Amino acid sequence: MTVFQWIEMARSLDADGLEMYDGFFTSFETAYLDGVREAIEAADFVMPMLCCSPDFTTPDAEARRRELDRAIQRIEVAHRLGGRGTVCRVLSGQRYPDVSRRQGIEWVARAIEQLLPIAQEHGIVLGLENHYKDSFWKYPEFAQKQDVFLELLAAIPDRENFGVQFDPSNAIVAGDDPVELLKHMADRVVSMHASDRYLAEGATLDDLRQTDGTIGYSPNLRHGVTGKGLNDYDAIFRILRDHNYGGWISIEDGMNGMDEMAQSLAFLRRMVEKYFG
């Protein structure tokens, strides 16, 4: 479907905003983007976050420069669609076999530091996600594992226009504990994806950890309604509340239709009321 069809379909949901992914768009021309923004506003939504997938770890220096230029454009798009305060999701890049941990962290930190003045100019917040893998990537996320992600986060101290886009389910895919990861970085979370996963019949968490997130999504891990899977959302919301979290919570659901997405929304409404009043 087109992004305009999705915006129209989403009118039936009890949501406040519609997060966008840059792969939704067929153009980045001003007139097209203005049309997207107008459609979002006409449906009584706002656009809280633009998800982008820069690859700052590619060994090709010219390719890294192109990724930086593309990320700059996406910051401008995020501002055009959502205005000041919008989060623009960034990633580290792919886990290329010939790129060391030290080199990768250096390249990614340098790239994000170069983006920060542009983000500041537009009032955009860069949200680094503990991601798994963009659909078009050959390799998983460079900073997928908790220790690498936290090292990279520490290398970028800015707290005005940079923070964490937290996805608890991605921590599970990485073989990490999402609650423990959140404890280490809760004061830097600027947005969150509330997805959920559940284990296929007969599978165990040990089976999942053995895959280590390196050969694609495990067939033992399935999408499900938020709140009915492996994530401990009570623990997650308690930590967010204790750190005075005030950002957006976006649903990642809908694999099995709009009814499940509506159930996920209802669950999150209850959780927000329970922990934030």
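Me: Just after α9, what phi does Asn-244 take?

Reply: A positive one, of about 55°. The model is predicted, so local features need pLDDT of at least 70, side-chain atom pairs count only at pLDDT 80 or more, and totals for chains, interfaces and linings use all residues. Residues are numbered from 1 along each chain as its sequence is written, and side-chain values use heavy atoms, without hydrogens and water.

Me: Why is α9 called a helix?

Reply: Helices are DSSP runs of H or I with at least four residues; strands are E runs of at least two, and both are numbered from the N terminus. α9 spans residues 233-242. The protein comes to ten helices and nine strands.

Me: How do you know that the protein is as compact as a globular protein of its length?

Reply: Its radius of gyration, taken over C-alpha atoms, is set against the globule rule, 2.2 Å times the number of residues to the power 0.38. The value is 18 Å, close to the 19 Å that the rule gives for 277 residues, so the protein is as compact as a globular protein of that length. Its C-alpha atoms fill a box of roughly 45 × 45 × 35 Å along the principal axes.

Me: Why is Ser-195 called buried?

Reply: Buried means under 20% relative accessible area; exposed means over 50%, and partly exposed lies in between (1.4 Å probe, protein chains only). Ser-195 has 0%, so it is buried. Its place is in the loop between β6 and β7. Buried residues make up 53% of the 277 residues.

Me: What makes Ser-195 a polar partner of the side chains of Asp-167 and Ser-169?

Reply: A polar contact is a pair of N or O atoms within 3.5 Å; within protein, one must be able to donate a hydrogen and the other to accept it, and residues adjacent in sequence count only if both atoms are side-chain atoms. The Ser-195 side chain makes one with the Asp-167 side chain at 3.4 Å. With the Ser-169 side chain the value is 2.9 Å.

Me: Which residues is Ser-195 in contact with, leaving aside neighbours within four places in sequence?

Reply: Contact means heavy atoms within 4.5 Å. The partners are Asp-167, Ser-169, Thr-226, Asn-231, Tyr-233 and Glu-252. Tyr-233 is one of the buried residues of α9.

Me: What do the buried residues of α9 pack against?

Reply: Helices α6, α7 and α10, and strands β5, β6 and β9. The buried residues include Ile-236, Phe-237 and Leu-240.
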